[in-house]
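Colleague: Please take a close look at one helix of this model and at the packing around that helix. I would like the account to go on to the aromatic residues as well.

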Amino acid sequence: MEDNRTYYYGRVSSTDQNLDRQLEAFYSLGATDRFIITDKASGKDFDRPGYASLKSATGLRRGDTLVVKSLDRLGRNKEAIKKELQWFKDAGIRLKIIDLPTTMMDLPEGQDWIIDMVNNILLEVLSSMAEQERLTIKKRQAEGIACAKEKGKHLGRPAATYPQGWNDIYSSWKRGELTAKAATAKLNLKRATFYNLVNRFEHEQQQ
């Protein structure tokens, strides 16, 4: 039976960035090029060739270890990283993060529960960070809408203005003297725009 293996994963966001610092950290731990996988790709999702090879049938398997320099080298989307950590846990793969010394501990045989404990802590921390990130985004959106309203700005599509002769033609249409088709032709409007303006006009009249 083949021994458990240790893989090393490095990532930078663009081709003009280099992996030197991450590679140096890996080599200092005894890594060989055969087990170092890298990507030059955004961390917004996990659709990357190097990372995909790690999760393929010929890559990581139960009992193996994956080493990264820092958690953001895996990715930047907290919710997505949380799912990956859960996958590692379910697949029996240990994740070591060089910048988190607790995850780097060498454990005696039979102490696997400590690894589970560390994984659970990482999952909890990431869950909290992901939730905080969502709340922050939501708060910024709300603040942006409030600020725009305060300045009299309209978010989204600009509201349509009433065309010339609107009041007379609307009144004739409302009394049944004009069909919608005739009214839209006179106003040079599309049917959907005409009815949108009708709804808006009638709403304004009720206020």
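Modeller: What follows starts with helix 4 and moves outward to the cores and the ring pairs.

This is a predicted model, in which local features need pLDDT of at least 70 and side-chain atom pairs count only at pLDDT 80 or more, while totals for chains, interfaces and linings use all residues. Residues are numbered from 1 along each chain as its sequence is written, and side-chain values use heavy atoms, with hydrogens and water left out.

Helices and strands are DSSP runs numbered from the N terminus (helices H or I, at least four residues; strands E, at least two). Helix 4 covers residues 78-91, 14 residues in all. From first C-alpha to last it reaches 20 Å, close to the 20 Å expected at 1.5 Å a residue, where the expected span is 1.5 Å times one less than the number of residues.

Lys 78, Ala 80, Ile 81, Glu 84, Leu 85, Phe 88 and Ala 91 are buried in helix 4. Buried means under 20% relative accessible area, exposed over 50%, and partly exposed in between (1.4 Å probe, protein chains only). These buried residues lie on the same side of helix 4 because they cover an arc of only 155° around the axis; the arc is that of the directions from the helix axis to the C-beta atoms. Lys 83 and Asp 90 are exposed on the other side of helix 4. Just after the helix, Gly 92 takes a positive phi of about 75°.

Phe 88 also belongs to the largest nonpolar core, which has 23 residues. A nonpolar core is a set of buried Ala, Val, Leu, Ile, Met, Phe, Trp, Tyr and Cys residues joined through side-chain atoms within 4.5 Å. Those with the most contacts inside this core are Tyr 9, Leu 54, Leu 66, Leu 74, Phe 88 and Leu 95. Among the elements that each supply at least two residues of the core are strand 1 (6-12), helix 2 (49-54), strand 3 (65-68) and helix 5 (112-150). Helix 4 gives the largest share, 5 residues.

Leu 54 touches Tyr 7, Tyr 9, Ile 37, Gly 59, Leu 60 and Leu 66, not counting residues up to four places away in sequence; contact means heavy atoms within 4.5 Å.

A second, separate core of 12 residues includes Trp 173, Leu 187, Leu 197 and Val 198. Trp 173 is one of the buried residues of helix 6 (residues 166-174), along with Trp 166, Ile 169, Tyr 170 and Ser 172. Seen down the axis of helix 6, they fall within an arc of 160° and so line one face. The face turned away from them carries the exposed residues Asp 168 and Lys 174.

For the aromatic pairs, rings of Phe, Tyr and Trp (its six-membered ring) pair if their centres lie within 6.5 Å; planes under 30 degrees apart count as stacked, over 60 as edge-to-face and the rest as tilted. The count comes to 15 aromatic pairs. Trp 173 and Phe 194 are edge-to-face, because their ring centres are 5.2 Å apart and their planes stand at 90°. This pair links distant parts of the chain, 21 residues apart, with Trp 173 in helix 6 and Phe 194 in helix 8 (residues 191-206). Phe 194 counts as buried at 0% relative accessibility, and Trp 173 at 18%.
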